[in-house]
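Welcome! Please have a look at the structure below, and then we can walk through a few of its features together.

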Amino acid sequence: MNKLTAQIIAGIGGIYLALQFLPKVSFTDPAIEKKFLYLVLTGAVIGLANFFIKPPLDIITYPLRVLTLGLFSLIVDMGIVWATDILFESLVIVGIVPLFWTTLIIMILSIILTRINFKD
């Protein structure tokens, strides 16, 4: 499993965990089949964005990450999750706190999966 696959799985798993444990994160469509489809699509978009869009953003925001001792990476990741929330109207994340926790869940899963997959 390569890093792209790990990012996609982390996105899907992070959205799933956020839906299960965070009360203000939900899908608006009541059909269960569509919820699974939306879960896979939103997680895949977050994973693809983390793989393709985040590295250039990390380069651009390098001075801010140095000044904030790396915490600005969390802001970049929150922006990616927020953009995905805007892109998919069926995903509803109400407020900055659920957005923060959703992003943190995805970041932790991403770190765990990439460390497991690239262990030699």
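## A residue to start with

Before anything else, please keep in mind that this is a predicted model. Let us begin with Ala6, which counts as buried because its relative accessibility is 1%, and buried means under 20%. Ala6 is found in helix α1. If you follow the chain for 25 residues from Ala6, you come to Ala31, and the C-alpha atoms of these two are separated by 28 Å.

Helix α1 is also home to Leu4. Leu4 counts as partly exposed, because its relative accessibility is 23%. Its C-alpha atom is separated by 28 Å from that of Thr28, a residue 24 positions apart from Leu4 along the chain.

## The largest pocket

Now let us turn to open space. The largest pocket holds about 320 Å³. It is lined by 16 residues, and the closest to its centre are Gln7, Asn50, Lys54, Asp77 and Ser110. Which elements give two or more residues to this lining? They are α1 (3–21), α2 (32–52), α3 (54–60), α5 (72–87) and α6 (96–117).

Helix α6 provides the largest share of the lining, with six residues. By residue type, the lining of the largest pocket divides into seven nonpolar, five polar and four charged residues.

## Helix α5

Helix α5 has 16 residues. From its first C-alpha to its last it reaches 23 Å, which is close to the 22 Å expected at 1.5 Å a residue. The buried residues of α5 are Ser73, Leu74, Val76, Asp77, Met78, Ile80, Val81, Thr84 and Asp85. You may recognise Asp77 from the list of residues closest to the centre of the largest pocket.

Ala83 has its place in helix α5 too. This residue is partly exposed, because its relative accessible area is 42%. Between the C-alpha atoms of Ala83 and Ile105, which are 22 residues apart along the chain, the separation is 17 Å.

## Aromatic pairs

Next come the rings. A pair of aromatic rings is described by the distance of the centres and the angle of the planes. How many aromatic pairs does a search of the whole structure find? The search finds three. In one of them, the ring centres of Phe27 and Tyr38 are 5.9 Å apart and the planes stand at 40°, so this pair is tilted. Phe27 lies in strand β1 (residues 25–27) while Tyr38 lies in helix α2, so the pair ties together parts that are eleven residues apart in sequence. Phe27 is buried, because its relative accessible area is 10%.

Another pair joins Phe100 and Trp101: here the ring centres are 5.2 Å apart and the planes are at 70°, so the pair is edge-to-face. Is Phe100 buried or partly exposed? Phe100 counts as partly exposed, because its relative accessibility is 27%. Trp101 is partly exposed as well, with a relative accessible area of 42%.

## A contact in helix α6

We finish with Thr114, which lies in helix α6. Thr114 is buried, because its relative accessible area is 15%. What does the side chain of Thr114 reach at 2.8 Å? It reaches the backbone oxygen of Ser110. Ser110 has appeared before, as one of the residues closest to the centre of the largest pocket.

Technical notes. Residues numbered from 1 in each chain as written. Predicted model: local features only at pLDDT ≥ 70, side-chain atom pairs only at ≥ 80, totals over all residues. Heavy atoms only, no water. 1 Å grid on protein atoms, 1.4 Å probe; cavity = no way out; pocket = protein on both sides within 12 Å on 5 of 7 lines; lining within 4 Å. Points joined across faces, edges and corners; volume = space filled by probe spheres on them. Helix = DSSP H or I, 4+ residues; strand = E, 2+ residues; numbered from the N terminus. Nonpolar A, V, L, I, M, F, W, Y, C, P; charged D, E, K, R; others polar. Expected span 1.5 Å × (residues − 1). Buried < 20%, exposed > 50% of the residue type's maximum accessible area, 1.4 Å probe, protein only. Phe/Tyr/Trp six-rings, centres within 6.5 Å; stacked < 30°, edge-to-face > 60°. Polar contact = N/O pair within 3.5 Å; in protein donor to acceptor, adjacent residues only side chain to side chain.
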